[in-house]
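Let's take a friendly walk through a protein model, starting from one loop and working towards the core. Keep the structure open as you read.

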Amino acid sequence: MRLQIYRNPFRIDDWRNREAVLVSRVAGRHQPLSSKSASRMGKALETYRREFLQKFSGIGALAASAGIFRGDGGSTLSPNSPPARNQTLAQLDSLREQFPALGERVNGHPLVYLDSAASTQRPRAVLDALTSFYLHDNANPAKSLHTLARRSATQYEKARGAVARFLNARGPEEIVWTRGTTEAINLVASSWGGRNLGPGDEIILTVSEHYSSLVPWQLAAKRAAARVRILDVEDDGRLRLDQLHTLLSERTQSVPHFSVDVQELGCDFLAFSGHKMLGPMGIGVLCARREILDHMPPYQAGSNMAHDVEIEPAPTHFAEGGLKFEAGAPNVPGAVGLAAAVEFLESLDRKALWKREQDLTRYALSRLREVKGLRILGPTESKDRISVFSFVMENGRTLEVVKALDAMGIAVRGGDLAGLPLLKRMGVTEAVRASCYAYTTAQEVDLLVAALQEERHGLS
Ligand SMILES: Cc1ncc(COP(=O)(O)O)c(C=O)c1O
């Protein structure tokens, strides 16, 4: 058996006849589908999945999009000149007003927040949902106990329904609450991997995996005496599709960027983190096909996931669907806050967001290219790329750059970016990363570029 592991979305099936397989068996326990049996619908699905994943095959595309209210056609930033202050920007201003943290001043400067790939800021709607839960409904949820417990249970399940709708899952029972992407992948690697992986099986990953995908599968392979095989990337970071006739991506951050339909995508598993898409920290989602979840053993054990528990024998009767994987008192406010983030995103025109993100990406790439001594990692063209920019300065300084930018109120990330193998493939061991989201403006990109130029002068 060989597994191909990618994150968000990933899939268990036969890689010889499928594109964009994440977890794929090629020999052994599953019979491959014959190409003749590929239906027209199957082909449409493959085309959709290919297009979906193509968007994420560019290195450095970690998270981003640019925000716009429903009905707006999107801005048209020309590559080299910042956009005029038009209707779109006025709307962007009012979008930004909904994010209180964007009004912070840092080191005497207005905050320029370019670290959204690591964690986005939260709109007031999400903060209000969290506060309201704690003010009015806070209790350990229970459907048939006291009023607050019932309210909490209702909110928790309503939130699960909101996420299922958002992803077009077949039902709320396909949604498992986790702490985030990392826990979701660990859950699959431990539970599904523990049951299904065996000696000689192969797990195919890309060199561009984030640690949250690489390490759980490395450890799962070790436990099962399976083998990890690595798909390389091009010099500009795009996946080596010629090496494998599946088009795959490591990105976990599709969900923050544009609409994802798990049924249309045909994936078996999809993971995302709330805090990367306006939601609270410490909550995330694993969306999995019900029939696969039903064949996975529990991942953690405790209250709420087991029924009829006696001293002996150990329980065998577990909660249905995602609940089987949610031991202990749940993170209800996390789920409620995430549902509020989902509703906030649903109130925006996501097609327009994506269009604006492409414009912003094009503009930022052209501006970053102006900085002498700056090397952009990954594709330098905007095609199939999102608005996340990893780069190195000619003398290899990373932390100094992060600190110098911070002194000017500009928040970026630097270090190994939880992707050392990919950085090494690019010939470096650390990088700076500026990442945008719905509220990022072209003016903020200008401030970054000006600061980088100034910092370069200061040190030269
Ligand atoms: C590309 C990518 N994948 C996965 C993760 C893991 O997400 P989390 O830390 O929320 O579990 C991150 C977080 O930085 C990420 O950037």
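Our first stop is Pro313, which sits in the loop between α9 (290–293) and α10. Helices here are DSSP runs of H or I with at least four residues, strands are runs of E with at least two, and both are numbered from the N terminus. The peptide bond leading from Glu312 to Pro313 is cis, with omega near -5°.

A word on the model: it is predicted, so local features need pLDDT of at least 70 and side-chain atom pairs count only at pLDDT 80 or more, while totals for chains, interfaces and linings use all residues. Residues are numbered from 1 along each chain as its sequence is written.

Two other loops each hold a residue with a positive phi, although neither is a glycine. To compare their surroundings, count the other C-beta atoms (placed from the backbone) within 10 Å: 20 or more means buried, 12 or fewer exposed, and in between partly exposed.

| Residue | Phi | Loop | C-beta neighbours within 10 Å |
|---|---|---|---|
| Ala225 | about 55° | between α6 (211–224) and β9 (227–231) | 11, exposed |
| Leu278 | about 80° | between β10 (269–273) and β11 (284–288) | 28, buried |

Now for helix α3 (residues 124–137). Its expected span is 1.5 Å times one less than its number of residues. For 14 residues that should give 20 Å, and the end C-alpha atoms are 19 Å apart, which agrees. Which residues of α3 are buried? They are Val126, Ala129, Phe133 and Asp137. These cover an arc of only 60° around the axis, so they lie on the same side of α3; the arc is that of the directions from the helix axis to the C-beta atoms. On the other side, Tyr134 and Leu135 are exposed. The buried residues of α3 pack against α4 (147–167) and α10.

Helix α10 brings us to the core. A nonpolar core is a set of buried Ala, Val, Leu, Ile, Met, Phe, Trp, Tyr and Cys residues joined through C-beta atoms within 7 Å. The largest one has 104 residues, and Val163 and Leu286 have the most contacts inside it. Helix α10 (residues 332–346) gives the most to this core, with 10 residues. Because domain 1 (2–58 + 128–346) and domain 2 (67–119 + 350–459) both give residues to the core, it lies between them; the domain bounds come from an automatic or database domain assignment.

Definitions and conventions:
Contact = placed C-beta atoms within 7 Å.
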